[in-house]
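Please examine the structure shown below together with its sequence. The briefing then describes how some of its helices are arranged.

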Amino acid sequence: MSFRFRRSARLGPLRFNFAKSGLSSISVGGRGASFNIPVARPGLARTTVGIPGTGLSCSVEAPAGAAAGLPNSRRLLPGQLEAFRSSVLGVLQTKVFGPGTPGQRLWEQGLVSRLLVDGSLGGRLAGLLAVIETPEAMADYISRARSQDDAKRRARRCIEAAEEASRLAVGRGWLG
């Protein structure tokens, strides 16, 4: 037997439904008819119509009009996540490591590898730079993102690594 936690609070016609993890959904309506919009739970908007006092009701999940094909900020469909990871990787390869950028020179001259072999870097910094040691390493790192937010965090980490590697390479006189 599993236990569930549900708590709700009303504010005018709106009912805010909370779960253990926080705000779960927002509902409008009451006995007999309601409309529920998910916030942090899986599923689509749900309309429920019932006969009060009988226990009989009908519930239908349906896309919310024009935004039906758009992903939730926390969840992506499997194909959408792969496309998002690819677009993040494309932006990184163009903007951070594209032609004429310091990132491109880091890769062309093997400077990230030289920094890693140097041995004077701390463990955290070496781990950060290892993410962008080669184009393949960066692509592999981005492809392991498990969600949209994770892909964004990984992209920020790649940008931070490129900035730090450039700063270190300039400091050692390897980049002009």
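The points below concern helix packing and buried residues in this predicted model. The subjects are the crossing of helix 4 with helix 6, the buried residues of helix 4 and those of helix 5.

**Crossing of helix 4 and helix 6**

- Helix 4 spans residues 123-130 and helix 6 spans residues 148-171; their axes come within 8 Å and cross at roughly 110 degrees.
- Because angles of 65 to 115 degrees count as roughly perpendicular, helix 4 is described as roughly perpendicular to helix 6.
- The crossing of these two helices is left-handed.

**Residues at the contact**

- Helix 4 contributes Arg 124, Leu 125, Gly 127, Leu 128 and Leu 129 to the contact.
- Helix 6 contributes Arg 157, Glu 160, Ala 161, Glu 164, Ala 165 and Leu 168.
- Sorted by class, the contact of helix 4 with helix 6 comprises six nonpolar, one polar and four charged residues.

**Buried residues of helix 4**

- Leu 125, Leu 128 and Leu 129 of helix 4 are buried.
- These residues lie on the same side of helix 4, because they cover an arc of only 95 degrees around the axis.
- The elements covering the buried residues of helix 4 include helix 3 (111-118) and helix 6.

**Buried residues of helix 5**

- In helix 5, which spans residues 135-143, the buried residues are Met 138, Tyr 141 and Ile 142.
- Their arc around the axis is only 95 degrees, so they lie on the same side of helix 5.

Terms used: Residues numbered from 1 in each chain as written. Predicted model: local features only at pLDDT ≥ 70, side-chain atom pairs only at ≥ 80, totals over all residues. Heavy atoms only, no water. Axes fitted to C-alpha atoms, helices over the stretch in contact; angles between N-to-C directions. Helix = DSSP H or I, 4+ residues; strand = E, 2+ residues; numbered from the N terminus. Parallel < 35°, antiparallel > 145°, perpendicular 65-115°, else oblique. Left-handed = near helix turned anticlockwise from the far one by under 90°. Contact = heavy atoms within 4.5 Å. Nonpolar A, V, L, I, M, F, W, Y, C, P; charged D, E, K, R; others polar. Buried < 20%, exposed > 50% of the residue type's maximum accessible area, 1.4 Å probe, protein only. Arc of directions from axis to C-beta.
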